[in-house]
Amino acid sequence: MNTAAPHPSELPCAALAGRAAAFARLALENVTREYPNAPAHLLGGPQELVPPRTHHPAFYGAYDWHSSVHMHWLMVRLLRRCGDHIDAAAVTGALDAHLTADALATEADYLLTHPSFERPYGWAWLLALSAECAALGNARWSAALAPAVRTVSGLILDWLPKATYPVRHGTHVNSAFGLGLVLDSAGGAGVPELVEPVTDRLRDWFGADHGAALRWEPSGQDFLSPALAEAEAMARVLPRVAFADWLTAFLPELTEATISRWAAVFLALPHISDSADPQIGHLLGLCLSRAAALRRIARALPAGDERTDVLTAAADAHLTAGLPATTSGDFTTDHWLATFAVLALES
């Protein structure tokens, strides 16, 4: 695997300090806001027309299940990284109310009886939430999450042998992003048994890929870059020199941009015609997820690799473009975008 310097998320809170309070308030409002809600529940009959918190007593807010999970992750992350910059008592109170053994037992039962629900994106964020609780040192939240974590681990292990092909869409179903986040979180979440099979599956899926064309991106509702998500995942599972060689074959446009020293040739910013449109607005998140991915890819390259400058310049441009929308006051983006802002800022 690729070994790099300590991740910036383990360093002092400089990048987040000025935004932490606003992000914490936003997350707190979202996870306690039940409506509007877009449940991903397949109705088996009229008796299943129930309020969202019936199925999801912990993760009923923030518009949809996965957003609720990663907004909880955001609150725990801010407690751990910038606790003196936020209303820690209010954030802790909400987490205490939601991350209970009873509520999370219900969530675990739902996941077990709906084995394709939120696969793999929501699964990965649940593991990330658990890992963040463990890093914070909150044993009560970690213990409450443990049944759901074990359920997700079992679901991943059942699914991987059947997942012949990766999903390459730039949305929640993207295989590379989800499994990359699983790799980041498995150890901290207490399910290290996931690391080897996930690593093997990523190498099997993507190891021979070559000739990706970033000029074909983005699609109209992407919040992830299929190519960069794949490269970021491979940065986790290949040694540094091997990753550099793989990246040469996979992203020839990056080599061309490096030779020409014109970063815009490599990756232009998306045009966002209507940020309030729920799908077009995904492109705001694309700016931030690209920034995080570009920086991880840059960190994974050997020292002195000339592509690092091009990757870093593109990351800076995307972060600058995406950050202003994170606290817009529009629930369309406010229910999820701050999480990706933190990933980008801490990258």
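What classes of residue make up the lining of the second largest cavity? By class, this lining has four nonpolar, one polar and two charged residues. The model is predicted, and the sections below cover its cavities, a pocket, aromatic contacts and unusual backbone geometry.

## Cavities

A search of the whole structure finds two cavities of 30 Å³ or more. The largest cavity has a volume of about 40 Å³. Its lining consists of Phe177, Leu224, Ser225, Leu228, Ala229, Glu232, Ser289, Arg290 and Ala293. Two elements, α10 and α14 (282-300), give two or more residues to the lining of the largest cavity. Sorted by class, the residues around the largest cavity are five nonpolar, two polar and two charged.

The second largest cavity has a volume of about 30 Å³. Val167, Arg168, Asn174, Ala176, Phe206, Pro226 and Glu230 line the second largest cavity.

## The second largest pocket

The second largest pocket has a volume of about 590 Å³. It is lined by 34 residues, and those nearest its centre are Asn37, Ala38, Pro39, Tyr63 and Asp64. Both α2 and α3 supply at least two residues each to the lining of this pocket. The element that gives the most is α3, with four residues. By class, the lining of the second largest pocket has 19 nonpolar, twelve polar and three charged residues.

## Positive phi beside the pocket centre

Tyr63, one of the residues nearest the centre of the second largest pocket, has a phi near 80 degrees, a positive value in a residue other than glycine. Tyr63 is found in the loop between α2 and α3. With a relative accessible area of 30%, Tyr63 is partly exposed.

Alanine 62 also has a positive phi, of about 65 degrees, although it is not a glycine. Alanine 62 is found in the loop between α2 (52-55) and α3 (65-82). At 0% relative accessibility, alanine 62 counts as buried.

## Aromatic pairs

The count of aromatic pairs comes to 17. In one of them, the rings of Tyr121 and Trp125 have centres 6.5 Å apart and planes at 75 degrees, so the pair is edge-to-face. Tyr121 and Trp125 both lie in helix α6 (residues 121-136), where they are four residues apart, about one turn of the helix. Tyr121 counts as buried at 2% relative accessibility, and Trp125 is buried with a relative accessible area of 0%.

Phe223 and Trp336 form an edge-to-face pair, with 5.5 Å centre to centre and 70 degrees between the planes. Phe223 lies in the loop between α9 (195-206) and α10 (226-237) and Trp336 in the loop between α16 (331-334) and α17 (337-345), so this pair ties together parts that are 113 residues apart in sequence. Phe223 is buried, with a relative accessible area of 2%. Trp336 is buried as well, at 6%.

## The ring cluster

Which residues do ring pairs link into a cluster with Trp73? The cluster consists of Trp73, Tyr121, Trp125, Phe177, Phe223, Trp336 and Phe340. Tyr121 and Trp125, the pair from helix α6, are therefore in a cluster with Phe223 and Trp336, the pair that ties together parts 113 residues apart in sequence. Phe177 of this cluster is also one of the residues lining the largest cavity.

## Charges over rings

Two arginines have their charged ends over aromatic rings. The charged end of Arg33 sits over the ring of Phe331, 4.0 Å from its centre. The charged end of Arg53 sits over the ring of Tyr60, 3.9 Å from its centre.

## Cis peptide bonds

Arg119 and Pro120 are joined by a cis peptide bond, with omega about -5 degrees. Pro120 lies in the loop between α5 (101-113) and α6. Tyr121 of the aromatic pair described above lies in α6.

A cis peptide bond also joins Glu217 and Pro218, with omega about 0 degrees. Pro218 is found in the loop between α9 and α10, and Phe223 of the pair with Trp336 lies in the loop between α9 (195-206) and α10 (226-237) too.

Definitions and conventions
Residues numbered from 1 in each chain as written. Predicted model: local features only at pLDDT ≥ 70, side-chain atom pairs only at ≥ 80, totals over all residues. Heavy atoms only, no water. Phe/Tyr/Trp six-rings, centres within 6.5 Å; stacked < 30°, edge-to-face > 60°. Buried < 20%, exposed > 50% of the residue type's maximum accessible area, 1.4 Å probe, protein only. Lys NZ or Arg CZ within 6 Å of the ring centre and 35° of its normal. 1 Å grid on protein atoms, 1.4 Å probe; cavity = no way out; pocket = protein on both sides within 12 Å on 5 of 7 lines; lining within 4 Å. Points joined across faces, edges and corners; volume = space filled by probe spheres on them. Nonpolar A, V, L, I, M, F, W, Y, C, P; charged D, E, K, R; others polar.
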